[in-house]
Amino acid sequence: MKFEKIVVALDSETKSKNPLFRQAVDLAVKDGAGLVMVNCFKMATVAEMENRVGTVGELESKDAFSTQAHRQEVEIAHRKAWLESMAKTAMDKGLEVQIMVEMGNPGERICEVAKQTKADLIAIGRTTRGSLADCILGSVSNYVVHNSPCSVLLLFES
């Protein structure tokens, strides 16, 4: 099977070592595929970001919303810069690369990006957090495997 567009879902928490990225780049080079690098995150609420509990009035105040908006912009810029630094490696190998930072439920956003970009493969990592933790907390890779609009390459990470 030859792939034309590969979505690689990158987790910024595992950015120090990324065999998933290397494997997706190698596959894209082999097939002459385009690469869509995506990083997804959920933004914390103002109450979660603060080290104190505020009143409902404080949480709804204009200042709280502007603080949250500012933190969101900073987070997106940081993640885009990280993806851009990695994208250089893929572009140096002649790949057409698109980067996306998505906010929301990571599993849902990854599947949506695959639909939007008409990808025929999603490459995603699977941590060894454990089946009990996955049952309680949920698993992004499990969601993607069961809801993907295309094939999924699942790489186990330690």
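Me: Let's start with a cut-off: buried means under 20% relative accessible area, exposed means over 50%, and partly exposed lies in between. In this predicted model, does Arg79 count as buried or exposed?

Reply: Happy to work through that one. The relative accessibility of Arg79 is 12%, and the limit for a buried residue is under 20%. Arg79 therefore counts as buried.

Me: Which residue forms a salt bridge with Arg79?

Reply: Look within helix H4, which covers residues 62-92. The partner sits four residues away from Arg79 in that helix, so the two are separated by about one helical turn. Their closest N and O atoms are 2.6 Å apart, and the partner is Glu75.

Me: How many salt bridges does the structure hold?

Reply: Side chains of opposite charge can pair when their charged atoms come close. Besides the pair in H4, Arg109 and Glu102 meet with an N to O distance of 2.5 Å. Lys30 also pairs with Asp31 at 3.0 Å. The total for the structure is three.

Me: In the pair of Lys30 and Asp31, which residue is buried?

Reply: Lys30 has a relative accessible area of 60%, so this residue is exposed. Its partner in the salt bridge has a relative accessible area of 7%, under the 20% limit. The buried residue is Asp31.

Me: How far apart are the end C-alpha atoms of helix H5?

Reply: H5 runs over residues 106-117, which makes 12 residues. At 1.5 Å a residue, the helix should span 16 Å. The model agrees with that expectation, because the end C-alpha atoms are apart by 16 Å.

Me: What arc do the buried residues of H5 cover around the axis?

Reply: The buried residues of H5 are Pro106, Gly107, Ile110, Cys111, Val113, Ala114 and Thr117. They lie on the same side of H5, because the arc they cover around the axis is only 155°.

Me: Which helix is included in what covers the buried residues of H5?

Reply: Four strands contribute to this cover: S1 (5-9), S2 (34-41), S3 (97-103) and S4 (121-126). The cover also includes a helix at residues 140-147, namely H7.

Me: About what area does the nonpolar surface patch made by Val145, Leu154 and Phe156 have?

Reply: Take Phe156 as a way in: its place is in strand S5, residues 151-156. With a relative accessible area of 59%, Phe156 is exposed. Together with Val145 and Leu154, Phe156 makes a nonpolar surface patch of about 270 Å².

Technical notes:
Residues numbered from 1 in each chain as written. Predicted model: local features only at pLDDT ≥ 70, side-chain atom pairs only at ≥ 80, totals over all residues. Heavy atoms only, no water. Patch = residues over 30% accessible without salt bridge, like charges linked within 9 Å, V, L, I, M, F, W, Y side chains within 5 Å. Areas by Shrake-Rupley, 256 points an atom, 1.4 Å probe, with all protein chains shown as cover. Salt bridge = Lys/Arg side-chain N within 4 Å of Asp/Glu carboxyl O. Buried < 20%, exposed > 50% of the residue type's maximum accessible area, 1.4 Å probe, protein only. Expected span 1.5 Å × (residues − 1). Arc of directions from axis to C-beta. Contact = heavy atoms within 4.5 Å.
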